[in-house]
Amino acid sequence: MALVEEIERIIDQRVDQRMEIFLNKQESMKPWVKMNVAIKRLEKDARWIRGNLCTLDLIEKGLVKKVGGEWHFQNPEFFVYIHDTWWPMYESE
């Protein structure tokens, strides 16, 4: 019985590891991501992101939208724009 329990434990551990990888990839495959993903990727708090990145300019560019009171960010275009265009302008000010 100890051998069966050890095999089950190893299988459970490997399944958990593979599910973790899958869940991490799943978030990056969505066309629009929510605020919690933006917080994690940009390492900023929600108030800072709302104040600096949820602007009319980015809404007009189609990178940000508000759906049902929740902010959504176009993936990956929003993060590419922030990295390549917006961030260098922000840091130079």
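How many salt bridges does a search of the whole structure find? In this predicted model, the search finds two salt bridges. They are described below, after the overall fold and before the surface patches and the buried positions.

The protein chain contains five helices and three strands. Read from the N terminus, its elements follow the order α-β-α-α-α-β-β-α. The chain has 93 residues, and buried residues account for 23% of them.

Side chains of opposite charge can pair when their charged atoms come close. One such pair consists of Arg9 and Glu6, whose side chains form a salt bridge with an N to O distance of 2.6 Å. Both residues belong to helix H1, where they are three residues apart, or about one turn of the helix. Arg9 has a relative accessible area of 44% and is therefore classed as partly exposed. Glu6 is also partly exposed, because its relative accessible area is 34%, a value that falls between the 20% limit for buried residues and the 50% limit for exposed ones.

The other salt bridge joins the side chains of Glu70 and Lys34, with an N to O distance of 3.7 Å. This pair links distant parts of the chain, since Glu70 is in strand E3 and Lys34 is in strand E1, which spans residues 32-34; the two residues are 36 positions apart. Glu70 is partly exposed, with a relative accessible area of 34%. Lys34 is likewise partly exposed, at 38%.

Helix H1, covering residues 2-28, holds Asp12 and also Ile11, and each of these residues belongs to a surface patch. Asp12 is part of a patch of negative charge on the surface, together with Glu5, Glu8, Asp16 and Glu20. The relative accessible area of Asp12 is 48%, so this residue is partly exposed. A patch residue must have over 30% relative accessible area and no salt bridge, and the value of 48% for Asp12 meets the area requirement because it lies over that cut-off.

Ile11 contributes to a nonpolar surface patch of about 470 Å², which also includes Leu3, Ile7, Val15 and Met19. Ile11 is partly exposed, with a relative accessible area of 48%.

Two buried positions were examined in addition. Asn75 is located in the loop between strand E3, residues 70-74, and helix H5, residues 77-92. This residue has a relative accessible area of 8% and is therefore buried, as the limit for that class is under 20%. The side chain of Asn75 makes a polar contact of 3.1 Å with the side chain of Arg41.

Leu53 lies in helix H3, which runs over residues 46-53. Leu53 counts as buried because its relative accessibility is 0%. Along the chain, Leu53 and Leu63 are 10 residues apart, and their C-alpha atoms are separated by 9.7 Å.

How values were computed. Residues are numbered from 1 along each chain as its sequence is written. This is a predicted model: local features need pLDDT of at least 70, side-chain atom pairs count only at pLDDT 80 or more; totals for chains, interfaces and linings use all residues. Side-chain values use heavy atoms; hydrogens and water are left out. Patches are made of residues with over 30% relative accessible area and no salt bridge: like charges are joined within 9 Å, nonpolar side chains (Val, Leu, Ile, Met, Phe, Trp, Tyr) within 5 Å. Accessible areas come from the Shrake-Rupley method with a 1.4 Å probe; for residues, only the protein chains shown count as cover. A salt bridge is a side-chain nitrogen of Lys or Arg within 4 Å of a carboxyl oxygen of Asp or Glu. Lys and Arg count as positive and Asp and Glu as negative; His and the chain ends are not counted. The place of a charge is taken as NZ of Lys, CZ of Arg, CG of Asp or CD of Glu. Helices (H or I, at least four residues) and strands (E, at least two) are DSSP runs, numbered from the N terminus. Buried means under 20% relative accessible area, exposed over 50%, partly exposed in between (1.4 Å probe, protein chains only). A polar contact is a pair of N or O atoms within 3.5 Å; within protein, one must be able to donate a hydrogen and the other to accept it, and residues adjacent in sequence count only if both atoms are side-chain atoms.
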